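Visitor: Please present the model, and let us then go through it by question and answer.

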Amino acid sequence: MQGDHDSIRAVSWDSTALCLLDQRLLPAEERYLWLDNSAAVADAIKQMVVRGAPAIGISAGYAAVLAARNRCAENALDWRTGFEQDLAVLQQARPTAVNLQWALQRMRAKAADLQGDPVPALLAEARAIHAEDIRANRRMGELGAAFIEAGSAVLTHCNTGSLATGGYGTALGVIRSAWAGGRLTGVFADETRPWLQGARLTAWELVRDGIPVTLLVDGAAAHLMKQGRVQWVIVGSDRIAANGDVANKIGTYSAAVAARHHGVKFMVVAPSSTVDMQVASGAEIPIETRPASEVLELGGRALAAAGAEAWNPAFDVTPAELVDVIVTERGVVEQPNTAKMAALMK
Ligand code: MRU
């Protein structure tokens, strides 16, 4: 369903290919790429044509369809060997967002007992993953917005909207719902160095959907909180550990520390496909390190003094004790801990 401050779809299946909005080019250019093989999708995930944990998972689901189709065309009798190899390549594309593994596992399980042409059943499964994500986002939007008192303003980090999901968004879904319900007086967005998901993507998507947004540099967030200008920080996640620790875009942890210091509430919004009960705590979550050039350059132009090195972790882990509420489509967990997460996921 579109409308309702929700007009953007960055991932779609177009009869024989996966269509992705190239997020590297936004907001300057709205260009779509049509990908007809799984290696191209793995590369698109690596290069951040598509990004955001749920959108990566959905893209991987469709990539598994492309893998099965192309491997069947090569060898209809033994397509599974090549299919598994293609899934292994996809799985390596980005390490932190567990939705990638989750979606591939679902596609693998569906493929396991198929006879004959696997494509129709796998496409139905990929479409189901996509549709379930949008439904989950709508539900989380309602559940999360219920926590926000009318007259509040919120701060968000990175991009968690339609661009990062099947549609509507996780944290931005809550913001969309709260805005539609007349609860919000303002939405602030961190620019989100170094890839500028906030400045380039969140601002683009909110402006386009008629929700006013004010950008700030990441370093201004604590100052904003100190002035009492936001009541909630609302973020998404790439992986939530069994104890409620939350991996998300670098800078989330410092926003959570500042929020607790200033009495600002901290909400994490993520579908249950982002919860990884196999990792006991955030210490076990693999954190992607991306190229130094993302810090040292902007749009191909040098920003930093020649000769400087850069450290570029793409994610950090916010300990559960700094999280006031985790919102999933299964329900909400306040003050998360291992027992409450286990009850949610059982
Ligand atoms: O590196 P990115 O842009 O893929 O990082 C995205 C995030 O950190 C998002 O907050 C997270 O994936 C949740 S998106 C609904």
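Visitor: In which helix is D86 found?
Guide: Secondary-structure elements are DSSP runs numbered from the N terminus, helices being H or I runs of at least four residues and strands E runs of at least two. On that assignment, the helix that holds D86 is α3.

Visitor: Why does D86 count as buried?
Guide: The model is predicted, so local features need pLDDT of at least 70 and side-chain atom pairs count only at pLDDT 80 or more, while totals for chains, interfaces and linings use all residues. Residues are numbered from 1 along each chain as its sequence is written, and side-chain values use heavy atoms, with hydrogens and water left out. A residue is buried under 20% relative accessible area, exposed over 50% and partly exposed in between, with a 1.4 Å probe and protein chains only. D86 counts as buried because its relative accessibility is 13%.

Visitor: How far apart in space are D86 and P291?
Guide: Along the sequence, D86 and P291 are 205 residues apart. From C-alpha to C-alpha, their separation in space is 24 Å.

Visitor: Is L90 buried or exposed?
Guide: L90 lies in helix α3, which covers residues 80-91. The C-alpha atom of L90 is 7.7 Å from that of V41, 49 residues away along the chain. With a relative accessible area of 0%, L90 is therefore buried.

Visitor: How is Q47 classed by its relative accessible area?
Guide: Q47 has its place in the loop between α1 (38-46) and α2. Its C-alpha atom and that of Q23, 24 residues apart along the chain, are separated by 9.7 Å. The relative accessible area of Q47 is 39%, so the class is partly exposed.

Visitor: Is A146 buried or exposed?
Guide: A146 is found in the loop between α5 (119-145) and β4. From C-alpha to C-alpha, A146 lies 12 Å from R176, with their positions 30 residues apart in sequence. The relative accessibility of A146 is 55%, and A146 therefore counts as exposed.

Visitor: What polar contact joins the side chains of S273 and N99?
Guide: S273 is in the loop between β10 (265-269) and β11 (275-276), and at 10% relative accessibility it counts as buried. A polar contact is a pair of N or O atoms within 3.5 Å; within protein, one must be able to donate a hydrogen and the other to accept it, and residues adjacent in sequence count only if both atoms are side-chain atoms. The contact between the side chains of S273 and N99 is one of 3.2 Å.

Visitor: Which residue does a cis peptide bond join to L26?
Guide: The omega angle of this bond is about 0 degrees. The partner belongs to the loop between β2 (17-21) and β3 (32-35). The residue joined to L26 is P27.

Visitor: What is omega for the peptide bond from R193 to P194?
Guide: P194 has its place in the loop between β5 (184-190) and α7 (197-208). The bond from R193 to P194 is cis, with omega near 0 degrees.

Visitor: What is the phi of L196?
Guide: L196 is found in the loop between β5 and α7, and at 14% relative accessibility it counts as buried. L196 is not a glycine, yet its phi is positive, at about 65 degrees.

Visitor: What is the phi of Y168?
Guide: Y168 lies in the loop between β4 (152-156) and α6 (171-180). At 3% relative accessibility, Y168 counts as buried. Its phi is positive in a residue other than glycine, with a value near 80 degrees.

Visitor: How many residues surround the ligand?
Guide: A residue belongs to this shell if one of its heavy atoms lies within 4 Å of the ligand. The closest are R51, R94, D238, N248 and K249. The number of residues that surround the ligand is 18.

Visitor: How many residues of the shell around the ligand are charged?
Guide: Asp, Glu, Lys and Arg count as charged; Ala, Val, Leu, Ile, Met, Phe, Trp, Tyr, Cys and Pro as nonpolar; and the others, Gly among them, as polar. The shell has 6 nonpolar and 8 polar residues. Its charged residues number 4.

Visitor: How far is a polar side-chain atom of N248 from an oxygen atom of the ligand?
Guide: A backbone N or O atom of G52 lies 2.9 Å from an oxygen atom of the ligand. An N or O atom in the side chain of R94 is 2.8 Å from a ligand oxygen atom. For the polar side-chain atom of N248, the distance to an oxygen atom of the ligand is 2.6 Å.

Visitor: Which elements give two or more residues to the shell around the ligand?
Guide: Two elements meet this condition, a helix at 53-74 and a strand at 246-249. They are α2 and β9.
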